[in-house]
Amino acid sequence: MNTTAKLGGLGAVIALLLTEVPEQYAFYVALFIIACGAVTALVPPPHAGSRWAVAWQVMTTIGLNIGWAENHFKPGQSGVRVPLVDKPSAKQAVQAAGIPVLNRRGAPEPTAAD
């Protein structure tokens, strides 16, 4: 399923859920969503074993940090920024050092030897 379809479906679900919120509370719900997005953008994620890791994941979802807006920093992972032209070489170097390269879902990518 492509990203556009996923985001379209998610947008429809969110719109449907927001119609169920009584009108006098809609402002507070929107403010809560914005606050969750702001907190996850400003505060670094907890380490993977932290008791806050699950709360962090819930907060990123409520803050709509998905797709292109998804945070690049996640609990227990790091992000090594390299120029796009150097990405293949960087992946090879990391894999050659015995460090697994993770895909978007956090699962190890297969190596060239696999």
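**Reading a four-helix model**

Guide: Let's start with one residue: Tyr25 sits in the loop between α1 (3–19) and α2 (26–42), where helices are DSSP runs of H or I with at least four residues, strands are runs of E with at least two, and both are numbered from the N terminus. This is a predicted model, in which local features need pLDDT of at least 70, side-chain atom pairs count only at pLDDT 80 or more, and totals for chains, interfaces and linings use all residues. Residues are numbered from 1 along each chain as its sequence is written, and side-chain values use heavy atoms, with hydrogens and water left out.

Visitor: How many helices and strands are there in the protein?

Guide: The protein has four helices and zero strands, and along the sequence the pattern reads α-α-α-α.

Visitor: What does Tyr25 count as, by its relative accessibility?

Guide: Buried means under 20% relative accessible area, exposed over 50%, and partly exposed in between (1.4 Å probe, protein chains only). Tyr25 has 45% relative accessibility, so Tyr25 counts as partly exposed. Ile14, placed in helix α1, is also partly exposed because its relative accessibility is 21%. Pro44, in the loop between α2 and α3, is exposed, with a relative accessible area of 62%.

Visitor: And what share of the protein's residues counts as buried?

Guide: Of the 114 residues, 11% count as buried.

Visitor: How are two packed helices described?

Guide: By the angle between their axes and the distance between those axes. Here α2 and helix α3 (residues 53–62) pack at about 125°, with axes 7 Å apart. Axes are lines fitted to C-alpha atoms, for helices over the stretch in contact, and angles run from 0 to 180 degrees between N-to-C directions. The pair α2 and α3 is therefore oblique (under 35 degrees is roughly parallel, over 145 roughly antiparallel, 65 to 115 roughly perpendicular, the rest oblique).

Visitor: Which residue pairs can I check by C-alpha separation?

Guide: Try Ile14 and Leu64: they are 50 residues apart along the chain, with C-alpha atoms separated by 9.7 Å. Another pair is Pro44 and Trp56, 12 residues apart along the chain, with a C-alpha separation of 9.8 Å.
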